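User: I'd like to go through this model and ask what stands behind each label. Could you take me through the salt bridges and the helix packing?

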Amino acid sequence: MKLTVLGATGGTGGHVVRRALDAGHHVTAVVRDPARLTVGADPRLEVVAADAFDPAAIGPAVTGRDAVVDALGPRPGAETTVCSRGAAAVVAALTADNPAARLLVVTGSGHVRDDGDGPFTRYLFKPLIGNTFLKKQFADFARTEDIVFGSGLGWTVLRPPQLTDGARKPYRTAVDRNVRGGIRLSRADLADAIMVALGDPRTVGHVVGLGY
C-alpha cells in the first residue's frame with residue numbers, strides 16, 4: 001500500500017510511520033522540518049517537506065496514494081486550531097487530486113458525550129474539562145469532525161482518550177461510540193488501531209472509539 005502520513009514528526013505520527021514500514025507499506029511522511037523525523041532511513045520511506053495547512057503544497061504528497069493518515073495535533077502551548085486546519089487542507093487536497101483514497105483522521109474522545117460513557121464521565125468530568133481546561137481543544141476536535149464528515153471521502157475518524165508514551169498492551173474499541181471507562185491509550189496502541197482500521201473497509205464512514 002502507498003500511504004501518506006501527516007504529522008509524521010509527532011508522537012503518534014512517528015509510530016504510524018514505523019508500523020507502516022514494518023508492515024511493508026510505502027510511506028510518504030509529510031513534515032515541516034525533516035530533521036525532526038525520528039524514523040531512520042528506509043527504501044520505502046519518502047520524506048516531503050511541506051506546509052500541512054496548504055492544500056496545494058500537500059497535493060503531490062497525496063496524489064496516487066491509497067490512503068492518508070492525518071495525525072496532526074497541537075503541541076503544548078501551540079495554537080488550538082491545528083486539527084481543523086489540517087483536516088480542511090487534506091480534505092481539499094484529496095478532493096482535488098485523489099478522491100478515491102482512504103482518509104483516517106485522529107481527533108479525541110473528550111468532546112463527545114454518548115452512551116459509551118459512564119454517568120460520572122458524561123455528566124461531570126467531561127463537562128468540567130470541556131468548559132475549562134480543554135475547551136478550545138475540544139471545540140477544534142468538533143470542527144475537525146464536521147469537516148471530515150461532510151467531505152464525501154472514504155473517511156474513518158479515530159477518537160482516542162488521553163494519550164501516553166506507555167508500552168503497548170491490549171486495548172478496546174467501539175464503533176460510533178466512546179469506550180466505557182477508557183481514559184488512556186498509548187500512542188503506540190493508537191498507531192496499531194490506525195493500521196487495523198486502514199485494513200478494515202468496514203470502518204469507512206465510521207468513528208472508532210478507543211481506550212484501555
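**What stands behind the labels**

Analyst: Let's start with a pair: the side chains of D189 and R168 meet in a salt bridge, 3.3 Å from N to O. D189 sits in helix α6 and R168 in the loop between β7 (162-164) and β8 (172-175), so the pair links distant parts of the chain, 21 residues apart. Helices (H or I, at least four residues) and strands (E, at least two) are DSSP runs, numbered from the N terminus. Keep in mind that this is a predicted model, where local features need pLDDT of at least 70, side-chain atom pairs count only at pLDDT 80 or more, and totals for chains, interfaces and linings use all residues. Residues are numbered from 1 along each chain as its sequence is written, and side-chain values use heavy atoms, with hydrogens and water left out.

User: What makes D189 and R168 a salt bridge?

Analyst: The term asks for a side-chain nitrogen of Lys or Arg within 4 Å of a carboxyl oxygen of Asp or Glu. D189 and R168 are at 3.3 Å, N to O, so the pair qualifies.

User: Why does D189 count as buried or exposed?

Analyst: Buried means under 20% relative accessible area, exposed over 50%, and partly exposed in between (1.4 Å probe, protein chains only). D189 has 0%, so D189 is buried. R168 has 47%, which makes R168 partly exposed.

User: How many salt bridges does a search of the whole structure find?

Analyst: Nine. One of them joins D192 and R19 at 2.9 Å, N to O. D192 lies in helix α6 (residues 187-198) and R19 in helix α1 (residues 11-22), so this pair ties together parts that are 173 residues apart in sequence. D192 is buried at 10%, while R19 is partly exposed at 27%.

User: And what about R202 and D200?

Analyst: Their side chains also meet in a salt bridge, at 3.0 Å, N to O. R202 has a relative accessible area of 70%, so R202 is exposed. D200 has 18%, so D200 counts as buried. As for networks, salt bridges that share partners join R19, R168, D189 and D192 into one.

User: On to the helices: why are α2 and α3 called oblique?

Analyst: The axes of α2 (residues 55-62) and α3 (residues 82-97) come within 9 Å and cross at roughly 55 degrees. Axes here are lines fitted to C-alpha atoms, for helices over the stretch in contact, with angles from 0 to 180 degrees between N-to-C directions. Under 35 degrees is roughly parallel, over 145 roughly antiparallel, 65 to 115 roughly perpendicular, and the rest oblique. Roughly 55 degrees falls in the rest, so α2 and α3 are oblique to each other.

User: Which residues of α2 and α3 meet?

Analyst: In α2, P55, I58, G59 and V62 meet A89, V90, A92, A93, L94 and D97 of α3, where contact means heavy atoms within 4.5 Å.

User: What makes α3 and α5 roughly parallel?

Analyst: α3 and α5 (residues 135-149) pack at about 15 degrees, with axes 7 Å apart. That angle is under 35 degrees, so the two helices are roughly parallel. Among the α3 residues in this contact are V82, C83 and S84, and on the α5 side they include Q137, D140 and F141.
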